[in-house]
Amino acid sequence: MKRFFTIIATLVLATTIASAAPLSKRMNRYVEDTIEKCENWSKADWDKSKREYKLFIEEYKLYKDSYTQEERDAINKEIGRYNGLLVKHGIEELGD
């Protein structure tokens, strides 16, 4: 079942990248999808998610100067939301 969700998440990510939507919208969809599905993720699922997230960050750093302040604010908001998920996951791991 976890592999199914991982495959779906990968397909969603590939579709959003292919659609050439603005980075802020793609990140928002990615974070929302992660929030919905991460409850029972394995370590491998989290590792995969972090690798995919890193691609967003690399894209952001590469084109940061070309974004408006509004776009940078929206992207930074999603970065904060995702990092919050990572912190929450880390605390839950410590509790286990």
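This section describes the helices of a predicted model, the contacts between them and selected residues at their interfaces.

The protein chain holds 4 helices and 0 strands, and its elements follow the order α-α-α-α from the N terminus. Of its 96 residues, 34% are classed as buried. Where contacts link residues at least 6 apart in the sequence of the protein chain, 68% of them join residues at least 24 apart.

The packing of α2, α3 and α4 was examined pair by pair. The axes of α2 and α3 approach within 11 Å, with a crossing angle of roughly 165°. Angles over 145 degrees count as roughly antiparallel, and α2 and α3 are therefore roughly antiparallel to each other. Their crossing is left-handed. On the α2 side, the contact is formed by L23, R26, M27, Y30 and T34; α3 contributes W46, S49, E52, Y53, F56, E59 and Y60.

For α3 and α4, the axes come within 12 Å and the crossing angle is roughly 160°. This angle makes α3 roughly antiparallel to α4. The crossing of α3 and α4 is left-handed. The residues of α3 in this contact are W46, S49, K50, Y53, I57 and Y60, and those of α4 are R72, I75, N76, I79, Y82, N83, L85, L86 and H89.

The axes of α2 and α4 come within 9 Å and cross at roughly 20°. Angles under 35 degrees count as roughly parallel, and α2 and α4 are therefore roughly parallel to each other. The crossing of this pair is also described as left-handed. The contact involves L23, S24, M27, N28, Y30, V31, E32, T34 and I35 of α2, together with E71, A74, I75, E78, I79, R81, Y82 and L85 of α4.

The largest nonpolar core comprises 16 residues, among which L23, M27, Y53, I75, I79 and Y82 touch the most other members. The elements that supply two or more residues to this core are α2 (23–37), α3 (43–63) and α4 (69–95). Of the elements, α3 gives the most, with 5 residues. The surroundings of M27 illustrate contacts made by one of these core residues: beyond four places in sequence, M27 touches Y53, F56, I75, E78 and I79. M27 belongs to the α2 side of the contact with α3, and M27 is also listed on the α2 side of the contact with α4.

Two further residues of α2 were considered in detail. T34 is located in helix α2. With a relative accessible area of 1%, T34 falls under the 20% limit and is therefore buried. The side chain of T34 reaches the backbone oxygen of Y30 at 2.8 Å. Apart from residues up to four places away in sequence, T34 is in contact with W41, W46, S49, Y82 and L85. Among these partners, W46 and S49 belong to the α3 side of the contact between α2 and α3, while Y82 and L85 belong to the α4 side of the contact between α2 and α4.

V31 also lies in helix α2. Its relative accessibility is 1%, and V31 therefore counts as buried. The C-alpha atoms of V31 and I79 are separated by 8.6 Å, although the two residues are 48 residues apart along the chain. Leaving out residues up to four places away in sequence, V31 touches E78, R81, Y82 and L85. These four partners are found on the α4 side of the contact between α2 and α4.

On the opposing helix, R81 lies in α4. At 25% relative accessibility, a value between the 20% and 50% limits, R81 counts as partly exposed. The C-alpha atoms of R81 and V31 are 7.2 Å from each other, with the two residues 50 residues apart along the chain. When neighbours within four places in sequence are set aside, the contacts of R81 are N28, V31, E32 and I35. The side chains of R81 and E32 are joined by a polar contact of 2.4 Å. N28, V31, E32 and I35 are listed among the α2 residues that meet α4.

Conventions. Residues numbered from 1 in each chain as written. Predicted model: local features only at pLDDT ≥ 70, side-chain atom pairs only at ≥ 80, totals over all residues. Heavy atoms only, no water. Core = buried A, V, L, I, M, F, W, Y, C linked by side-chain atoms within 4.5 Å. Buried < 20%, exposed > 50% of the residue type's maximum accessible area, 1.4 Å probe, protein only. Contact = heavy atoms within 4.5 Å. Polar contact = N/O pair within 3.5 Å; in protein donor to acceptor, adjacent residues only side chain to side chain. Axes fitted to C-alpha atoms, helices over the stretch in contact; angles between N-to-C directions. Parallel < 35°, antiparallel > 145°, perpendicular 65-115°, else oblique. Left-handed = near helix turned anticlockwise from the far one by under 90°.
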